Amino acid sequence: MPEKKQQKQALSRDLIVDTAFRMIDEKGYRAFTMRALGTELGVSAMAFYAHFTSREEMLAAVCSRLMESLDTDPVPGERWDDTLRRTMPSLRKGFLDHPNIAEISLDDSVAWLGLAKHTEKIVNLHLAQGMPEDIFRKAWAMVDAFLTGFTGNEVAMIRGDALVGEDADVLPKWQQIVRSAYTDESFSNGIEIIIEGVKSIAAPDPCKWYTPSEEGVDSADFDGGGKEVDG
């Protein structure tokens, strides 16, 4: 039985989340256990319940830690379409850089809690820009479906690369096409298709939705809903 590591600092939520993040990132979500986390930190598995009510709550905090690292903060004066062009690639990069952490978001017992803060942040960002709620609901469905499908398939292929190795050229033609479809260009094209779809759904609204400035909307440039005033 491996010896427990000597605990070097007081146990805290941040220490637990940081350590769990590193362990899952390195060894995989399915290989992670509370017992292994306790061994890593030099405490019993029960010690974690002084900081979290359940294993699921702790894992949700790990998932949230990844989402907090993404480029999703409001940028004063940014147009809604540029917001999508900035935030969607950031989420994709986060999932590709940390595929084992991203897998937590596929666990139904953890996903909603782990993504709640991120989801609330994105919803509030676009509503503050002045995007009507009915339009945003439809935009959200398109963005969520695209991101989930695209990044999910990319992560799956990354994990399958070790099996394919240098023999990718001998795969059936259809597999070669599918595996080569997930590129930066394809992702950017998908974002532009979504943007055009939102514009079509919102027509005849000119879709002049912007993030308000930090000091408040400049009345010379915007109306009260965050939309640019025609000059």
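**Reading a predicted helical model**

Modeller: In UniProt, an unreviewed entry carries the annotation "DNA-binding region" for residues 33-52. The structure discussed here is a predicted model.

Biologist: What makes up residues 33-52 in terms of helix and strand?

Modeller: Over residues 33-52 the chain is 40% helix and 0% strand. The C-alpha atoms at the two ends of this stretch lie 15 Å apart.

Biologist: How many helices and strands does the chain have?

Modeller: There are 9 helices and 0 strands, and the order along the sequence reads α-α-α-α-α-α-α-α-α.

Biologist: Why is Thr211 called buried?

Modeller: Buried means under 20% relative accessible area. Thr211 has a value of 5%, and is therefore buried. This residue belongs to the segment after α9. Apart from residues up to four places away in sequence, Thr211 touches Pro74, Val75, Pro76, Gly77, Glu78, Thr83, Leu125 and Gln129.

Biologist: Why is Arg13 called partly exposed?

Modeller: The class runs between the limit for buried, 20%, and the limit for exposed, 50%. Arg13 has a relative accessible area of 38%, so the residue counts as partly exposed. Arg13 is part of helix α1. Residues up to four places away in sequence aside, Arg13 touches His51, Phe52 and Glu57. From Arg13 to Ala61 the C-alpha distance is 9.0 Å, with their positions 48 residues apart in sequence.

Biologist: How do you know that the buried residues of α9 are on the same side of the helix?

Modeller: The buried residues of α9 are Phe187, Gly190, Ile191, Ile194, Ile195, Val198 and Ala202. They cover an arc of only 140 degrees around the axis, and therefore lie on the same side of α9. Glu185, Ile193 and Ser200, on the other side of α9, are exposed.

Biologist: What span does α9 reach, and what span is expected?

Modeller: With 19 residues, α9 reaches 27 Å from its first C-alpha to its last, close to the 27 Å expected at 1.5 Å a residue.

Biologist: Where does α6 bend?

Modeller: The bend is at Lys117 and amounts to about 40 degrees. Helix α6, residues 111-128, has 18 residues and reaches 25 Å between its first and last C-alpha atoms, close to the expected 26 Å. Its buried residues are Ala111, Gly114, His118, Thr119, Ile122, Leu125 and His126. Just after α6, Gly130 takes a positive phi of about 105 degrees.

Biologist: What makes a set of residues a nonpolar core, and which members of the largest one touch the most others?

Modeller: Its members must be buried nonpolar residues joined through side-chain atoms within 4.5 Å. The largest such core has 50 residues, and Phe32, Leu37, Met58, Val62 and Met88 touch the most other members. Helices that each supply at least two residues include α1, α2, α4, α7 and α9. The largest share, 8 residues, comes from α3. In soluble globular proteins, nonpolar side chains tend to be buried together.

Biologist: Which residues is Met88 in contact with, beyond its neighbours in sequence?

Modeller: Leaving aside neighbours within four places, Met88 is in contact with Val143, Phe146, Leu147, Phe187, Ile191 and Ile194. Among these partners, Phe187, Ile191 and Ile194 are buried residues of α9.

Biologist: How many residues does the chain have, and what share of them counts as buried?

Modeller: The chain has 231 residues, of which 39% count as buried. Of the contacts between residues at least 6 apart in sequence, 71% join residues at least 24 apart.

Note on methods. Residues numbered from 1 in each chain as written. Predicted model: local features only at pLDDT ≥ 70, side-chain atom pairs only at ≥ 80, totals over all residues. Heavy atoms only, no water. Helix = DSSP H or I, 4+ residues; strand = E, 2+ residues; numbered from the N terminus. Expected span 1.5 Å × (residues − 1). Bend = angle between axes of the 7 residues up to and from the residue. Buried < 20%, exposed > 50% of the residue type's maximum accessible area, 1.4 Å probe, protein only. UniProt positions renumbered as here; feature names shortened; annotations may be inferred. Contact = heavy atoms within 4.5 Å. Arc of directions from axis to C-beta.
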